[in-house]
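Got the viewer open and a selection box ready? Let's walk through this one stop by stop, picking a piece, looking at what surrounds it, and moving on.

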Amino acid sequence: MPPADAAARFHHLLETAVAGGSLLKLTLGKPRPAASDPTLRNVFVRPVALRAGPRLAFVFRHATRDVTQNLAPAEALAAIAGLLERDFYDAHLFTPLFTAQFEQRPDGTARLRQKQCDAAPPAPPAGNDRVKHRLFAPDAPWLRALGVTNAQGQPREGMAHKLRQIEKFAELLRALLDEAGLDSGDEQAAPLRIADMGAGKGYLTFALAALLGPRARITGVERRGDLVELANRVSAECSFSGHLNFVEGSIPTPEAGRDDALAGLDVLIALHACDTATDDALAAGHAAGARLLVVSPCCQKELRPQLTAPPVLADALRHGIFQERQAEFVTDALRAQLLECAGYRSKVFEFVSTEHTAKNLLIAAHRPRATSGPLLEAPLARARAFATFYGIRHHRLARHLGIEL
């Protein structure tokens, strides 16, 4: 018989999920005032399959860094119990069949709320030989309406790469939202505000709407009116209109003033915004208080005329292709550094394989709180030293952020 009190019932559910292989993820939040480490903000736990056997992967989210650790199941369960006793008030448990929220109060009381899932979420990774689990069905009406797949769920001619790109993007965004602590999975929480700047036909915007459902209010901003009309029609036909809409417009700049599409923003996305439009998007998201910025840069031209080759590189950089690649590297590396000056944690990685697109770099940056603070001195010094090394005197994102290089 399951135990009676809330804490024991929660740990019983967790132990059963781990033992039965049904754990999707666990999040710990709401730090206690007397926590053993005051810099610890959240802990995220997921199952992983390693050569040594099944493990639980922990991500310890601190104010200025992340720490990862893989623990055997028994050790992991003991660690979770200790964290809930010492450091955190709340825990959210996710399985394919139910979610459970364990809430403790300062007075020592606690409650456990459990909710059955209407449809089973995708199962967690189990190893290299696992069956592929999709985030959404390939015969979904929106994929058919946008011309990606046919009625049988098969990619239309020339769209196989696009389908893989959509799936990869949704997978990455789910992980980034989880890392940033923005998607608790709680249907009762206030919906996330997401803006996709330069949404185009809306492939990836629809993927986000399908992934998050009513947990998000998503606005696609696109300057071509015919694409806006098409996307809004598909949104209505596929029953997304309550939480997904498209508006005609361009990526705003901070100088242009307030944009209603960015009001109360949580997440800003801009994929393949050309040259300095990427900087405008990052600055607009920052100004709107977005806690997560996700951009895929394109056509990095602004810095190329400014680049002064260090003597040791001068001979190599007489070749145009190397100049182009260095300009891309310097532009995006400096963008990541400038975001860190503004209080974000940034990382840069490949979005999709180069077989799908040569422009496959993704810059993701998140910050713990939506409110802006003063520029951070240590990252600022590093960014200025980097700019000086390459002879960079001005940069659009630096100007938007009020940073003198």
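In which sense do strand β1 (residues 25-31) and β5 pair, and over how many bridges? Select both and you'll see that the pairing is antiparallel, over six bridges. Keep in mind throughout that this is a predicted model.

**Stop 1: β5 and its partners**

To check the register between the two strands, click Lys 25: its bridge partner in β5 is Phe 94. Now look at β5 itself, residues 88-94. Seven of its seven residues are buried, so expect to peel away other parts of the model to see the strand.

On to β6, residues 98-104. A hairpin of three residues takes you from β5 into β6, and the two strands run antiparallel, joined by five bridges. For a landmark, try Ala 91, which has Phe 102 in β6 as its bridge partner.

**Stop 2: Glu 103**

While you're on β6, select Glu 103, which lies in that strand. Is Glu 103 buried or exposed? Its relative accessible area is 14%, and the cut-off for buried is under 20%, so Glu 103 counts as buried.

Show its side chain together with those of Gln 101 and Arg 111. The Glu 103 side chain makes a polar contact of 3.2 Å with the side chain of Gln 101. With the side chain of Arg 111, Glu 103 has a polar contact of 2.5 Å. Widen the selection to contacts beyond four places in sequence and Glu 103 also touches Tyr 89 and Asp 90, along with Thr 109, Ala 110 and Arg 113.

**Stop 3: the seven-stranded sheet**

Zoom out and colour the strands in this order: β10-β9-β8-β11-β12-β14-β13. Those seven strands form an open sheet with mixed pairing. β10 and β13 (345-350) stand at the edges with a single partner strand each, so one side of each has no neighbour in the sheet. From one strand to the next, the twist averages 15°.

Start at β10 (residues 244-248), which pairs with β9 in the parallel sense over five bridges. Pick out Glu 222 and you'll find it opposite Glu 248 in β10. The next pairing along, β9 with β8 (residues 192-197), is parallel as well, over six bridges; use Arg 193 as a marker, since its bridge partner in β9 is Arg 217. From β8 the chain crosses through α5 to β9, and this β-α-β crossover is right-handed. A further right-handed β-α-β unit is made by β9, helix α6 (residues 225-237) and β10.

Carry on to β11, which pairs with β8 in the parallel sense over three bridges. Here Ala 195 sits opposite Leu 268 in β11.

**Stop 4: helices on the sheet**

Turn on helix α4, residues 160-179. Which strands does α4 lie across? They are β8, β11, β12 (292-298), β13 and β14 (361-366), and α4 runs at about 140° to β11. Then add helix α7 (residues 277-287), which packs on the sheet and touches β11 and β12. The direction of α7 makes about 175° with that of β12.

**Stop 5: α5 and β9**

Go back to the crossover helix and select residues 203-212, which make up α5. Why call α5 largely enclosed by the rest of the structure? Because nine of its 10 residues are buried. Among them are Tyr 203, Phe 206, Leu 208 and Leu 212. Just after α5 comes Gly 213, with a positive phi near 60°. Then look at β9 (residues 216-222), which is mostly covered, with six of its seven residues buried.

**Stop 6: Asp 266**

Select Asp 266, found in the loop between β10 and β11 (267-274). Set a distance from its C-alpha to that of Ala 216: the two atoms are 9.8 Å apart, though the residues are 50 places apart along the chain. Beyond neighbours within four places in sequence, Asp 266 contacts residues including Leu 182, Pro 191, Arg 193 and Ala 290.

**Last view: the whole protein**

Reset the camera to take in all 10 helices and 14 strands. Of the 405 residues, 47% count as buried. Switch on the surface to finish: the accessible area comes to about 19,800 Å², with 53% belonging to carbon and sulfur atoms.

Terms used: Residues numbered from 1 in each chain as written. Predicted model: local features only at pLDDT ≥ 70, side-chain atom pairs only at ≥ 80, totals over all residues. Heavy atoms only, no water. Buried < 20%, exposed > 50% of the residue type's maximum accessible area, 1.4 Å probe, protein only. Helix = DSSP H or I, 4+ residues; strand = E, 2+ residues; numbered from the N terminus. Areas by Shrake-Rupley, 256 points an atom, 1.4 Å probe, with all protein chains shown as cover. Pairing = 2+ DSSP bridges. Right-handed = clockwise from strand over helix to strand, strands pointing away. Contact = heavy atoms within 4.5 Å. Axes fitted to C-alpha atoms, helices over the stretch in contact; angles between N-to-C directions. Polar contact = N/O pair within 3.5 Å; in protein donor to acceptor, adjacent residues only side chain to side chain.
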